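Here's a quick walk through the parts of this fold that are worth a look on screen. Have the viewer open and follow along.

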Amino acid sequence: MTQTGRTARYTYGYRRSPDQDARAPARHPVIVVGAGPVGMTTAIDLALRGVKVVLLDDADRIGEGSRGICWAKRTLEIFDRLGVGEQLVEAGVTWKLGKVFLGDDLVYAFDLLPEDGHKMPAFINLQQYAVEKVLVDRVLELADIDLRWCNKVVALEQRNDGVRITVETPDGHYTLDTDWLVAADGARSAVRDLVGLGFAGVTFEDKFLIADVKMAAEFPTERRFWFDPPFHSGQSALMHRQPDNIWRIDLQLGPEADAQAEQAPERVIPRLKKMLGDIPFDLEWVSVYRFNCRRLERFVHGRVVFVGDAAHQVSPFGARGANSGVQDAENLAWKLAAVLDGQADAALIDSYDRERAQAADENIAHSTRSTDFIAPHSPAERALRNAVLSLAPHAEFARRMVNSGRLSVATVYDTLLATLDEAPFAGSAKLGAPVPDLPVRTRDGRSGHLLEHLSGGFEVLYVRDGATPSAPDGVKLTVIGEDLIDEQGMFAQRFDASPGATYVLRPDHHLTARLRSFDAGKVDAAISRALGR
Amino acid sequence: MKLVTVTQFASPDAAYVALVEARRGLSEPEAAALDAKLVLILANHIGDLDVLREAIALAKPNSASS
């Protein structure tokens, strides 16, 4: 990957930490390496669960380029739980429609939010630096997070009960001990190198030009993708709206393109003019990429846990990079908190590996299929791809094969932590998946959504049937029909609820058990199981 | 094996002629494009991934049939 950076959007200062003057290495429960979206999500989620976190970043700035721009509903729901969801939705561009063109002709359109009544939209587009700024502000509000800029991990030693690291700063080196180290330091993870892990996978030969362009244009707010457009013959193109009159444009350049030469404005501007016509525009950011799909074999190595791009990498078609990273962070945070709190054994962290490896495999599979469709490997593959495209206007089955990126949705964990259904349940809620959102009214008459009323801990949703159940200690019990009113009948529908039906939610809002009637013993057992006990 | 390999056509000759006539007069790339479309259309009509995989195995250059 090569890129011409823009100047940093936000710069932060290095500050000396008292740990640097300590006689013996200071010990912390969790150190997170990397203050990108994934590292900051991990830190915020942990802090909200009462865990003190040291967050290290080797730079002093955020905002080198726009990079990730599409934030999926599940990610926004996580951000909302962390207290920044509404702010991000307000700042971003909300969209849910995708259109695929062959030449000038529309061949396929899709709506990414098939259910209504969700608080969060299917997607927003917002520059990664804008998301990072909001997350940094949130980090700075939380006393339990100690954010240290210009702190670079240069050595690492695994111990039985933790990790010892050497950190380089403008003031020299110092040593830290931690129970758990979370590596959120991106695709070129230094921690991964220090642990000595390979990062094998597939590199796609095709190169893609990615440009952010500022222009006052009134193109529709939807994801538009072209195969073989008249303005970029034989290749693909993608256009996406961002806030502040910024538009993301991806142009496929083919395998032979010279990455360095293609970034020169005198090469980029004529390409964009062919696409945009006479609209005046300014070039905000340009980069030429080759994509990788790869993952670590295991995400947990002793007390070092890898999240986000440090653990796995995908092509951008499908918005599965940053989104899956944020979902890694939330999967890990409650588990680490439970382990540090003594509620669960360290073995619970292995379930992070299993669940998020499943998600990574899904994301890599989808992203690989999309990239193979967009950039076929051989003339023979291209002929088949073109056959799909030419049939698409005439046959529904072919439209369903057109793959310009299958956009990120939450993974349904096929996990040992879940308790298998004893009785059948229909509805859009699925065991192992995050629970679907829906409109509710509170006892005092306020309208809202289910997800914003959920605690960050284990929670039992029970549909009133006249009994007086009690949840285990420390577990919130919400009575549907009393605490929350299912005014529009959507809870009944989406959860296939009947009087007495009982749902056990994990702290990350994934459904881990459901029963046709409340049973304290079974609820207790389901929670123990979800804690890996 | 789910794939049917005994003839299902009342007149196998007529079916073959229909396929031959479809490509008559086409260049090689045009015929390849036609074949690709036919494969997709017929695969979808069959709608069974197991059958499709068995058919692919039978058609592959290294299979016993060629």
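Two residues count as being in contact if their C-beta atoms, placed from the backbone, lie within 7 Å. Keep in mind that this is a predicted model.

**Two domains**

With that cut-off in hand, let's start with the domains. Chain A splits into domain 1, made of 26-93 + 117-198 + 295-367, and domain 2, which covers 439-530. The C-alpha centres of domain 1 and domain 2 of chain A are 29 Å apart. Where they touch, ten residues of domain 1 of chain A are in contact with nine residues of domain 2 of chain A. On the domain 1 side, H2 and helix H8 (321-340) of chain A each chip in at least two residues. What kinds of residue make up that side of domain 1 of chain A? There are two nonpolar, two polar and six charged ones.

**A three-stranded sheet**

Next, an open sheet in chain A: three strands, in the order S6-S10-S7, with antiparallel pairing. Strand S6 (70-72) and strand S7 (93-95) of chain A sit at the edges with a single partner strand each, so one side of each has no neighbour in the sheet. From one strand to the next, the twist averages 30°. A:Cys70 stands opposite A:Asn125 in S10(A). Helix H2 (residues 73-81) of chain A packs on this sheet, where it touches S6 and S10 of chain A, and its direction makes about 75° with that of S6(A).

**Strand pairs**

S15(A) turns up twice in the list below, once with S19(A) and once with S18(A).

| Strand pair (chain A) | Sense | Bridges |
|---|---|---|
| S6 and S10 (residues 123-125) | antiparallel | three |
| S15 (residues 201-214) and S19 (residues 282-295) | antiparallel | eleven |
| S15 and S18 (residues 246-254) | antiparallel | eight |

For landmarks along S15(A), find A:Asp212, whose bridge partner in S19(A) is A:Trp285. A:Val213, meanwhile, stands opposite A:Trp247 in S18(A).

**Helix H1**

Last stop: helix H1 (residues 37-48) of chain A. Its twelve residues reach 16 Å from first C-alpha to last, close to the 16 Å expected at 1.5 Å a residue. Is H1(A) largely enclosed or exposed? Eleven of its twelve residues are buried, so H1(A) is largely enclosed by the rest of the structure. The buried residues include A:Pro37, A:Met40, A:Ile44, A:Asp45 and A:Leu46. Just after H1(A), A:Gly50 takes a positive phi of about 85°.

Note on methods:
Residues numbered from 1 in each chain as written. Chains lettered and ligands numbered in written order. Predicted model: local features only at pLDDT ≥ 70, side-chain atom pairs only at ≥ 80, totals over all residues. Pairing = 2+ DSSP bridges. Helix = DSSP H or I, 4+ residues; strand = E, 2+ residues; numbered from the N terminus. Axes fitted to C-alpha atoms, helices over the stretch in contact; angles between N-to-C directions. Domains from an automatic or database assignment. Nonpolar A, V, L, I, M, F, W, Y, C, P; charged D, E, K, R; others polar. Expected span 1.5 Å × (residues − 1). Buried ≥ 20, exposed ≤ 12 C-beta atoms within 10 Å, placed from the backbone.
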